[in-house]
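Consider how the interior of a protein model can be read, beginning with its nonpolar packing and moving on to rings, charges and backbone angles. The sequence and the coordinates come first.

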Amino acid sequence: MPTEALGIRQATVEDLDQLVPLFDGYRQFYGQASDPVLARAFLLDRFRHQQSVVFMAFDTAGAACGFTQLYPSFSSVRMSRSYILNDLFVLPAARRQRVAALLLAQAAQFGRAVGAVRLTLATALDNAPAQRLYEAEGWKRDETFCYYNLTLQGLTS
């Protein structure tokens with residue numbers, strides 16, 4: 001799959017059939033059991049309530065091969081919009097072909113277009129390949145703040 005022929009566009013609710021397997025694969029990558037029914041319901045709810053922005057990558061045959069999902073947030077200090085790049089996933093067969101880099105670039109282009117001051121993401125401490133990609137694409141590791149989480153129910157991720 002040559003990257004110059006790769007297509008990336010913002011997903012709509014009509015893309016659910018192609019998006020659900022990717023989203024389910026993303027969740028499985030992070031140790032969750034496959035649940036396409038729940039994945040569909042979760043994504044449908046995000047679309048219906050306009051709670052996220054999803055970009056999908058397509059190979060030359062038009063098959064979905066990756067996605068990223070952004071959740072809106074805000075900076076009180078800067079009094080501006082920001083986005084959390086919460087999900088990024090590329091099918092194993094499409095990896096090492098710059099699909100993830102193109103999805104990151106599309107997310108950044110979108111953020112700039114809507115006036116966001118930043119995109120933020122987090123990845124596992126042991127996910128060295130992702131960290132290398134982010135740094136190669138201009139993302140900077142935060143050296144100013146420590147981030148903490150408080151688990152309110154269920155899973156710790």
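The paragraphs below treat the cores, the aromatic pairs, one arginine, the cysteines and two backbone angles in turn.

The model is predicted, and side-chain atom pairs in it count only at pLDDT 80 or more. In soluble globular proteins, nonpolar side chains tend to be buried together. Here the largest nonpolar core holds 23 residues. Within this core, the residues with the most contacts are Leu70, Tyr83, Leu85, Leu88, Val99 and Leu103. At least two core residues come from each of strand 2 (53–58), strand 3 (64–75), strand 4 (80–90), helix 3 (99–113) and helix 4 (128–136). Helix 3 provides the largest share, with seven residues. A second core, separate from this one, has 17 residues, and Leu16, Leu22, Leu43 and Phe89 are among them.

Leu88 gives a local view of the packing. Leaving out residues up to four places away in sequence, Leu88 touches Tyr26, Phe67, Thr68, Ala100, Leu103, Leu104 and Tyr134. Of these partners, Leu103 is itself listed with Leu88 among the residues with the most contacts inside the largest core.

Aromatic rings add another layer. Across the whole structure there are nine aromatic pairs. One of them joins Tyr83 and Phe110: the ring centres are 5.4 Å apart and the planes stand at 70 degrees, so the arrangement is edge-to-face, for which the angle must be over 60 degrees. Because Tyr83 belongs to strand 4 and Phe110 to helix 3, this pair ties together parts that lie 27 residues apart in sequence. Are these two residues, Tyr83 and Phe110, buried or exposed? Both are buried. Elsewhere, ring pairs connect Phe23, Tyr26, Phe29, Tyr30, Phe42 and Phe67 as a cluster.

Phe42, a member of that cluster, also has a charged partner. Arg46 lies over the face of the Phe42 ring, 4.4 Å from the ring centre. Arg46 is part of helix 2 (residues 36–48). With a relative accessibility of 12%, Arg46 falls under the 20% limit and therefore counts as buried. The side chains of Arg46 and Asp45 are joined by a polar contact of 2.9 Å. Beyond neighbours within four places in sequence, Arg46 is in contact with Gln51, Ser52, Gln69 and Tyr71.

The cysteines can be dealt with briefly. A disulfide is a covalent bond between the sulfur atoms of two cysteines. How many disulfides does the model contain? The count is zero. Cys65 has a relative accessibility of 3% and so counts as buried. Cys146, at 62%, counts as exposed.

The last topic is the backbone. Most residues other than glycine have a negative phi. Gln50 has a positive phi, near 50 degrees, and is not a glycine. Gln50 sits in the loop between helix 2 and strand 2, and at 71% relative accessibility Gln50 counts as exposed. Arg98 also has a positive phi, of about 70 degrees, without being a glycine. The place of Arg98 is the loop between strand 4 and helix 3. At 48% relative accessibility, Arg98 does not pass the 50% limit for exposed residues and therefore counts as partly exposed.

Key: Residues are numbered from 1 along each chain as its sequence is written. Side-chain values use heavy atoms; hydrogens and water are left out. A nonpolar core is a set of buried Ala, Val, Leu, Ile, Met, Phe, Trp, Tyr and Cys residues joined through side-chain atoms within 4.5 Å. Buried means under 20% relative accessible area, exposed over 50%, partly exposed in between (1.4 Å probe, protein chains only). Helices (H or I, at least four residues) and strands (E, at least two) are DSSP runs, numbered from the N terminus. Contact means heavy atoms within 4.5 Å. A disulfide is a pair of cysteine sulfur atoms within 2.5 Å. Rings of Phe, Tyr and Trp (its six-membered ring) pair if their centres lie within 6.5 Å; planes under 30 degrees apart count as stacked, over 60 as edge-to-face and the rest as tilted. A charge sits over a ring if NZ of Lys or CZ of Arg is within 6 Å of the ring centre and within 35 degrees of the ring normal. A polar contact is a pair of N or O atoms within 3.5 Å; within protein, one must be able to donate a hydrogen and the other to accept it, and residues adjacent in sequence count only if both atoms are side-chain atoms.
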